[in-house]
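Please work through the two exercises below with the sequence and the structure open beside you, taking each solution one step at a time.

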Amino acid sequence: MLKNYFKIAIAVLRRRKFFTFISLFGISFTLTLLLVMTAFIDKVINDNYPDKKRDRSLYISKIELRGKESMNASALTYYYINHYIAKMKMPVKVAISSGYGSTNTYVNNRKIVINYKYTNADFWEVLDFDFIEGKPISKQQTDNAERVTVISEDMKKEYFGDDKSSAVGKYIEADNIKYKVCGVVKSLPITSYILYSDIYLPITTSKTKLEADKGYMGNYGAIVLAKNMDDVPKMKKEYADIVAKLPIPGKEWDHVYSHADSYIEGYVRTGSETSSGMVYALTAISLFALFVMLLPTLNLVNVNITRIMERSSEIGVRKAFGASSKTLAYQFIVENLILTFLGGMIGVVLSVVVMYFINDAQFIANLNLSLNFTVLCYAFLTCIFFGLLSGVYPAWRMSKLNIVTALKAQ
Amino acid sequence: MLKHLFKMIWNKKKQNSLLIVEILLSFMVIFAVFSFGLNSYSNYAKPMGIDYEHVWAINYNNTLETKNADSLKLFYQGLVRNIKAMPQVLDASITSANIPFSNSHMSTGIKYKGEQISQINNFWVDENYPHTLNLKLLAGRWYNKADHVPGQQIIVINNVLKERLFGNADAIGKIFGNYDDKNKIKIIGVVDNIKFDGDYQAPAKAMYALYDTSAYHWLSKILVKVSPDADAAFESRLYKFMANSLKNSNIEIEHLSNKLTAYNKFTLVPLIILSIVAAFLIINVALGIFGVLWYNINKRRGEIGLRRAVGASGNSVSYQLVNEAMILATLSLIIGSFFAVQFPLLNVFDLPSSVYVIAMLLSIIFIYILVLVCSLYPGKQAAAIYPAVALHEE
């Protein structure tokens, strides 16, 4: 039966090539657009380099003070992390890092902008950076405040040039201080802003005294690692309890908020406690997707109806020989799904081409879009959704067709 | 004639309604793109208000041990004097972190005649600021050394804020209250608008306050105007000088022109993506309209043949078909305009209404041209139908 439908569908497609072209164009381009968007979001949110232990990590990066008329949100102080987060019982490790700042260095009258980040020793154990050369900053080096650094692959290329020789043991100057390179890691795209940096420095070499600021608002964030996945909710609870008991630092404030978030929650946190960033992000994405799909779908419905009316004699004959409306509608939806999947396949090929160009142009450095299983799953779902949406109404119209008029039209 | 065409459209309302919705939606898409694009363009056409070429911004953080305001003042004034003494430096000014084209914004509210006006960009500046950026003074005066007296309640505002508060009237000497209406502040000058959010954003309300000595604790930027021949070698010298003066601070030197390019991307990238998506949708719709019209003509061969047989010319047949398509477009545009008019009326997104009106007119013209182009070829085909052939088929 399905094989028959398939044959009919192909025959119909070949009959009116222009309409087939319109349908396939609409489907494949819409799908390409959606696929590139999904691949981008998937890359930004699901790419787990370098935080491979994401499923048992929680990210604490913000604290917010709220009063009647004012609010103040910022990253945390080292003091706060050391006194409240480091003393938690559930985490086995606490990675601490500063937000990335930038500075310049001048090599042979050439200016290089360097983004730097201060990290503690646990940072290198919680995160699994891919080391191309050398090794991470050790606990001892951190404790001794040695001037060593782990640099990114891109920074190595920019600072030391393209030669193949190892950068380990060489010196890199940043902020007027020379640091000895102890490792080179694979670069991150700037979209993973929580961990992105060009050079990573031991936290103890920070120019400001770490515990000098005893308030809440600073420039540091923490990643807490649980022993196993089951401990994550408990860890979350433990942190929430700590925050609930935090002393409020001034009369102008009446609430203090801070959360231990999973990666995605943390990524989309807007800084507003009253509305979740997740809701915003999801609404924006689905509205965009719906909008992009709405016009091509309408177009498809239009074209499909035209096509059905063209086939009214065929439908009339089948009805006259006893085919039920349901069978006919079913046949048409299947035909339409076949068409959609054909368009879908073209769309997938097109999106691979588009992604190749996007990667090649390096719009965002180190962000390489790729077609993976998740993205393909989305593509498949979109195709079904598309096919059903644009097939159901024309099929309904078709099944309503009166036999006599359909036959008489010829 | 028109009435007759309406009747024919009404008779096929089921099929036509889908077409109308499609044209309507494309109109909305085009309207959105045009509004966004026109708004960006009209902002782009406005002058920047400052000379940002050859202006560098030094980022630092105050890490001096002393808490004494006077010694801080001495230190930083000496620092600026030393920077200005460098051969390639024309002027230098310490300001708050919200320099032009930076992501940092500070805003406050004021009270004037009982009305609360909020979201006014608040800049903390010194007397060198206008010369460093070549900011024009429109009326009154800028701050001078004599203003560094504690308790002075004076302010310089920009032209947008002046027009918001006083319209065309003179602003100098007028007084308004600060955010909680406790202090009365006197306006001493009005300066030109600066597009501090980049080329494509409209200049916003702003006021420039003179900071007092206690502000040296938290100020973190020095704007430096350099001569055109200042190169990386000089920049590296300036960098070393800063790093040696402020030993415990992180120093970064940025160029305002680079910051502007980076900031402009915030507007340009969404605009480009939106345009690509819109272009794709429009091609899609155009093909769809073309296909449907073409098919309709094939279906109406009998009718067209009959008209030709009783003496209608080929032109009048194709004229009829094009007209039908245009009436469909008009119907959608009437509905579309109803929605589009709400944007300036309800003042959504805070864009000037002229932008919406022009965008609407352009979109209407665009849709008409699109429909015309899509219906011309099917119309021409219809004109080529021979009555004998068409009627023979019946």
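A crossing of two helices is called right-handed if the near helix is turned clockwise from the far one by less than a right angle, and left-handed if the turn is anticlockwise. The model used in both exercises is a predicted one.

**Exercise 1.** Describe how helix 2 of chain A packs with helix 12 of chain A, giving the angle, the distance between the axes and the residues that meet.

*Solution.* Begin with the geometry: helix 2 (residues 17-46) and helix 12 (residues 373-399) of chain A pack at an angle of about 145°, and their axes are 9 Å apart. Next, assign the hand, which is right-handed where helix 2 of chain A passes helix 12 of chain A. Then list the partners: from helix 2 of chain A come residues including A:Ile27, A:Leu31, A:Leu34 and A:Asp42, and these meet a set in helix 12 of chain A that includes A:Val375, A:Tyr378 and A:Phe386. Finally, sort the residues of this contact by character, which gives nine nonpolar, four polar and one charged.

**Exercise 2.** In chain B, work out which strands supply the side of domain 2 that touches domain 3.

*Solution.* First locate the domains of chain B, where domain 2 covers 61-96 + 214-250 and domain 3 covers 105-210. The centres of these two domains of chain B, taken over C-alpha atoms, are separated by 25 Å, and the contact takes 10 residues from each of them. On the side of domain 2 of chain B, strand 2 (89-95) and strand 10 (221-226) each supply at least two residues, with the largest share, five residues, coming from strand 2 of chain B. As a last step, classify that side of domain 2 of chain B, whose residues divide into five nonpolar, three polar and two charged.

Note on methods
Residues numbered from 1 in each chain as written. Chains lettered and ligands numbered in written order. Predicted model: local features only at pLDDT ≥ 70, side-chain atom pairs only at ≥ 80, totals over all residues. Axes fitted to C-alpha atoms, helices over the stretch in contact; angles between N-to-C directions. Helix = DSSP H or I, 4+ residues; strand = E, 2+ residues; numbered from the N terminus. Contact = placed C-beta atoms within 7 Å. Nonpolar A, V, L, I, M, F, W, Y, C, P; charged D, E, K, R; others polar. Domains from an automatic or database assignment.
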